[in-house]
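Here is a short briefing on one protein model. Please look over the sequence and structure, then read on by topic.

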Amino acid sequence: MSETTETHYCFYHSTTETSLRCNKCGKYICPKDAVRTPVGYRCKDCVREQQGIYFNAVPVDYVITAVVTLPLAYIAALIVPSLSWLALFAGPIVGTVIAEVIRIATRKRRGQYTWIVAVACLAIATLLPMLPRITFLLQGRAFLIADVGGGFLISLLFIGIYLALAIGTLMARLRYGK
Ligand SMILES: [Zn+2]
Ligand SMILES: [Zn+2]
């Protein structure tokens, strides 16, 4: 049997004959395994490897993201209620600052889940200090709310808008690709 008439089998399916090759690593793949990319057909491994370069975060980056986001968001949450309507501007500013600090702290590595961790930590750090008063409200103790509640309800509204804007900014800055 000469080299030219040799039959080749798919790398992933040892019984499937094929003449198709990955244009990066050159291994034989059957049409089922071929992934069409802008630069030609590639095997699953090469495609995955390339996505890995795009998302190059290491697991500790998610810990760093949480460690950075929690105190910043907590400090912001202490200040924001006293800003009244200025809280509307605080959202994008806080979101931008947190996103930038995360980017620097993780050395600009891109993580697929960075934005999810950041948004979760932001929401937790913002809402947790308010939780006792929120549950207080939910229990419907109207006669007590009359004492403490009026201003609190308004600051809750501003905190809500602030949080939504800060989350939107974080997502826009930390969500890479789809
Ligand atoms: Zn390949
Ligand atoms: Zn195959």
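Which helix supplies the largest share of the nonpolar patch? Helix 3 does, with 5 residues. The model is a predicted one. Two zinc sites, a surface patch, one threonine and several salt bridges are covered below.

**Nonpolar surface patch**

- The patch lies on the surface and is formed by Trp85, Leu86, Leu88, Phe89, Ile93, Val97, Val101, Leu157, Ile161 and Leu165.
- Together these residues have about 890 Å² of accessible area.
- Helix 3 (87–105) and helix 6 (142–174) each give at least two residues to the patch.
- Leucine 86 sits in the loop between helix 2 (59–79) and helix 3. Its relative accessibility is 39%, so leucine 86 counts as partly exposed.
- Leucine 165 belongs to helix 6. At 35% relative accessibility, leucine 165 is partly exposed.
- The C-alpha atom of leucine 165 is 7.7 Å from that of glycine 95, although 70 residues separate the two along the chain.

**Zinc ion (ligand 2)**

- Four protein donors hold this ion: Cys10 (SG), His13 (ND1), Cys30 (SG) and Asp33 (OD). They lie 1.8 to 2.2 Å from the zinc.
- Why is the arrangement of the 4 donor atoms around the zinc ion (ligand 2) called tetrahedral? Because the donor atoms subtend angles of 91 to 121 degrees, and four donors count as tetrahedral if all angles lie between 85 and 135 degrees.
- The donor residues of the zinc ion (ligand 2) follow the spacing C-x2-H-x16-C-x2-D in sequence.
- Cysteine 10 and aspartate 33 both lie in the segment before strand 1 (35–37), so this pair ties together parts that are 23 residues apart in sequence.
- Cysteine 10 is buried, at a relative accessible area of 3%. Aspartate 33 is buried too, at 4% relative accessibility.

**Zinc ion (ligand 1)**

- This ion is coordinated by Cys22 (SG), Cys25 (SG), Cys43 (SG) and Cys46 (SG). The distance is 2.3 Å.
- The angles subtended by the 4 donor atoms run from 103 to 115 degrees, which makes the arrangement around the zinc ion (ligand 1) tetrahedral.
- For reference, the ideal angle for four tetrahedral donors is 109.5 degrees.
- Along the chain, the donors of the zinc ion (ligand 1) are spaced C-x2-C-x17-C-x2-C.
- Cysteine 25 lies in the segment before strand 1 and cysteine 46 in helix 1 (residues 44–54), so the pair ties together parts that are 21 residues apart in sequence.
- Is cysteine 46 buried or exposed? Cysteine 46 counts as buried, at 6% relative accessibility. Cysteine 25 is partly exposed, with a relative accessible area of 41%.

**Threonine 18**

- Threonine 18 is found in the segment before strand 1. With 11% relative accessibility, threonine 18 counts as buried.
- The threonine 18 side chain reaches the backbone nitrogen of leucine 20 at 3.1 Å.
- A polar atom of the threonine 18 side chain also lies 2.9 Å from the backbone oxygen of isoleucine 29.

**Salt bridges**

- How many salt bridges does a search of the whole structure find? The search finds 6.
- Lysine 27 and aspartate 45 meet through their side chains, at 3.0 Å from N to O. This pair links distant parts of the chain, 18 residues apart: lysine 27 is in the segment before strand 1 and aspartate 45 in helix 1.
- Lysine 27 is buried, with a relative accessible area of 18%. Aspartate 45 is partly exposed, at 29% relative accessibility.
- Lys27, Asp45 and Arg48 are linked in a salt-bridge network.
- Aspartate 61 pairs with arginine 109 in a salt bridge, and their closest N and O atoms are 2.7 Å apart. Aspartate 61 is in helix 2, and arginine 109 is in the loop between helix 3 and helix 4 (114–127), 48 residues apart.
- Aspartate 61 is buried at 2% relative accessibility, while arginine 109 is partly exposed at 24%.
- Glutamate 100 forms a salt bridge with arginine 173, at 3.1 Å between the closest N and O atoms. Glutamate 100 in helix 3 and arginine 173 in helix 6 are 73 residues apart.
- Glutamate 100 is partly exposed at 30% relative accessibility, and arginine 173 is partly exposed at 33%.

Definitions and conventions
Residues are numbered from 1 along each chain as its sequence is written. Chains are lettered from A and ligands numbered from 1 in the order in which they are written. This is a predicted model: local features need pLDDT of at least 70, side-chain atom pairs count only at pLDDT 80 or more; totals for chains, interfaces and linings use all residues. Side-chain values use heavy atoms; hydrogens and water are left out. Donors are N, O and S atoms within 2.8 Å of the metal (3.2 Å for Na, K and Ca); water is not among the atoms, so sites may look incomplete. Four donors count as tetrahedral if all angles lie between 85 and 135 degrees; four count as square planar and six as octahedral if opposite donors are over 155 degrees apart and all others between 65 and 115; anything else is irregular. Helices (H or I, at least four residues) and strands (E, at least two) are DSSP runs, numbered from the N terminus. Buried means under 20% relative accessible area, exposed over 50%, partly exposed in between (1.4 Å probe, protein chains only). Patches are made of residues with over 30% relative accessible area and no salt bridge: like charges are joined within 9 Å, nonpolar side chains (Val, Leu, Ile, Met, Phe, Trp, Tyr) within 5 Å. Accessible areas come from the Shrake-Rupley method with a 1.4 Å probe; for residues, only the protein chains shown count as cover. A salt bridge is a side-chain nitrogen of Lys or Arg within 4 Å of a carboxyl oxygen of Asp or Glu. A polar contact is a pair of N or O atoms within 3.5 Å; within protein, one must be able to donate a hydrogen and the other to accept it, and residues adjacent in sequence count only if both atoms are side-chain atoms.
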